[in-house]
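I opened a new structure today and kept notes as I went. Here is what I looked up, entry by entry.

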Amino acid sequence: MSLVVTVFVNEGIVMASDSRCTYNIMEKNTQQNTVVHKLGVHTNNSTIKTFLCPNNNGLSVCGEASIKGKPITGFIESFIRERISPDTDIDEVPQKIINYFGRLDPKPNAMFTVAGYHKSGEGNNLVQRVYKVRLQDGKIDKLNTETQGATWEGESLTLTRLLQPVALKGRDGNYQDLPHSEIAWNFFTLQDAVDFCNYAIKTTIDTMHFQSVVETVGSPINTLVIKPEETRWIAKQELHC
């Protein structure tokens with residue numbers, strides 16, 4: 001599992017993801033006729049999950065980390081090289097993803113987020129686009145970007161518990177709602193969007209570290225900023241010795 005977060009505000013779009021990859025294995029014991037599912041038998045913190053495309057779109061992925069026994073990263077990089085050019089319109093990308101990865105057998109259980117700008121009208125007006133693409137059922141969701149907001153996929157339980165209303169159950173069995181304040185998405189600046197992405201992923205990493213769970217989200221955090229006039233990395237891990 002992973003955590004990928006996208007925040008869209010009037011100034012631009014921020015996409016961020018963790019770098020943890022967790023591998024599970026199935027072991028068969030023919031003598032005892034049993035199957036043991038071992039969780040988190042191997043991990044690494046070097047898996048890229050957010051990508052910059054030649055058309056200045058961003059692409060994030062979460063879900064199954066391997067295809068045919070190989071990391072999904074290489075398949076995504078091949079898709080970008082082969083299917084996306086500087087002139088590719090963002091509205092074409094979701095279907096291209098389904099066509100490219102849908103031909104694989106087995107089809108990976110992965111979710112893609114695609115974000116960027118679409119040129120609209122003769123004046124080349126740039127309009128924000130954020131798409132969610134589910135490979136398993138071929139579903140494409142176009143998010144409403146007319147109002148500022150955010151979307152995230154993957155290991156979202158920690159973040160959901162922090163942001164959703166909470167009620168305490170009393171000894172009498174009745175629930176008492178705790179005070180709840182909504183996130184003021186409409187007031188977010190681009191820096192707020194960057195800060196929220198880091199907060200969401202880092203808080204999940206820190207929380208899971210103290211829980212009795214397989215830590216499926218881990219540092220470093222890669223952060224991509226997409227504006228109408230430029231796209232650049234705020235934080236990106238590099239190869240090193």
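**Helix 1**

I began with helix 1, which covers residues 72-83. I counted 12 residues in it and got 16 Å from the first C-alpha to the last, close to the 16 Å expected at 1.5 Å a residue. A reminder to myself: this is a predicted model.

Next I asked which residues of helix 1 are buried. They are Ile72, Thr73, Ile76, Ser78, Phe79 and Ile80. I jotted down a general point beside that list: an α-helix has 3.6 residues a turn, so residues three or four places apart point the same way.

Then, what covers those buried residues of helix 1? The cover includes several strands, namely strand 5 (50-52), strand 6 (58-63), strand 7 (66-67), strand 8 (70-71) and strand 9 (110-120). Helix 2 (93-102) is also part of the cover.

**Strands 1 and 2**

I moved to the start of the chain. Strand 1 (residues 3-9) holds threonine 6, so I checked whether that residue is buried or exposed. Threonine 6 has a relative accessible area of 1%, and because buried means under 20%, it counts as buried.

I also listed what threonine 6 touches, leaving out residues up to four places away in sequence. Its contacts are Ile13, Val14, Met15, Thr113, Ala115, Val130, Gly149, Ala150 and Thr151.

Three of those names sent me to strand 2 (residues 12-17). Six of its six residues are buried, so strand 2 is largely enclosed by the rest of the structure. I looked at which way they point: Gly12, Val14 and Ala16 go one way, Ile13, Met15 and Ser17 go the other, and all are buried.

How do strand 1 and strand 2 pair? They run in the antiparallel sense over six bridges, and a hairpin of two residues joins them. I picked out one bridge, in which phenylalanine 8 has isoleucine 13 of strand 2 as its partner.

**Strands 15 and 16**

Isoleucine 13 turned up again when I followed strand 2 further. Its bridge partner in strand 15 is isoleucine 226. Strand 2 and strand 15 pair in the antiparallel sense over five bridges.

Strand 15 (residues 222-226) pairs with strand 16 (residues 231-235) too, antiparallel over four bridges. In that pairing threonine 223 is matched with alanine 235 of strand 16. Strand 15 and strand 16 form a hairpin, with four residues between them.

**Pockets**

Last, I went looking for empty space. I found that the largest pocket has a volume of about 390 Å³. It is lined by 20 residues, and the closest to its centre are Thr22, Gly63, Glu64, Ala65 and Ser66. The elements giving two or more residues to that lining are strand 3 (21-29), strand 6 and helix 1, so my first entry links up with this one. Strand 3 gives the most, with four residues. I sorted the lining into nine nonpolar, eight polar and three charged residues.

The second largest pocket has a volume of about 290 Å³. Which residues lie nearest its centre? Out of 19 lining residues, they are Asn55, Asn56, Tyr117, Lys119 and Leu126. Here strand 9 gives the most, with three residues. This lining divides into seven nonpolar, six polar and six charged residues.

Technical notes
Residues are numbered from 1 along each chain as its sequence is written. This is a predicted model: local features need pLDDT of at least 70, side-chain atom pairs count only at pLDDT 80 or more; totals for chains, interfaces and linings use all residues. Side-chain values use heavy atoms; hydrogens and water are left out. Two strands pair if DSSP finds at least two bridges between them. The expected span of a helix is 1.5 Å times one less than its number of residues. Buried means under 20% relative accessible area, exposed over 50%, partly exposed in between (1.4 Å probe, protein chains only). Contact means heavy atoms within 4.5 Å. On a 1 Å grid over the protein atoms alone, a cavity is a set of points where a 1.4 Å probe fits but cannot get out, and a pocket is an open set with protein on both sides within 12 Å along at least five of seven lines; lining residues have an atom within 4 Å of a point. Grid points are joined across faces, edges and corners, and a volume is the space filled by probe spheres set on the points. Ala, Val, Leu, Ile, Met, Phe, Trp, Tyr, Cys and Pro count as nonpolar, Asp, Glu, Lys and Arg as charged, and the others, Gly among them, as polar.
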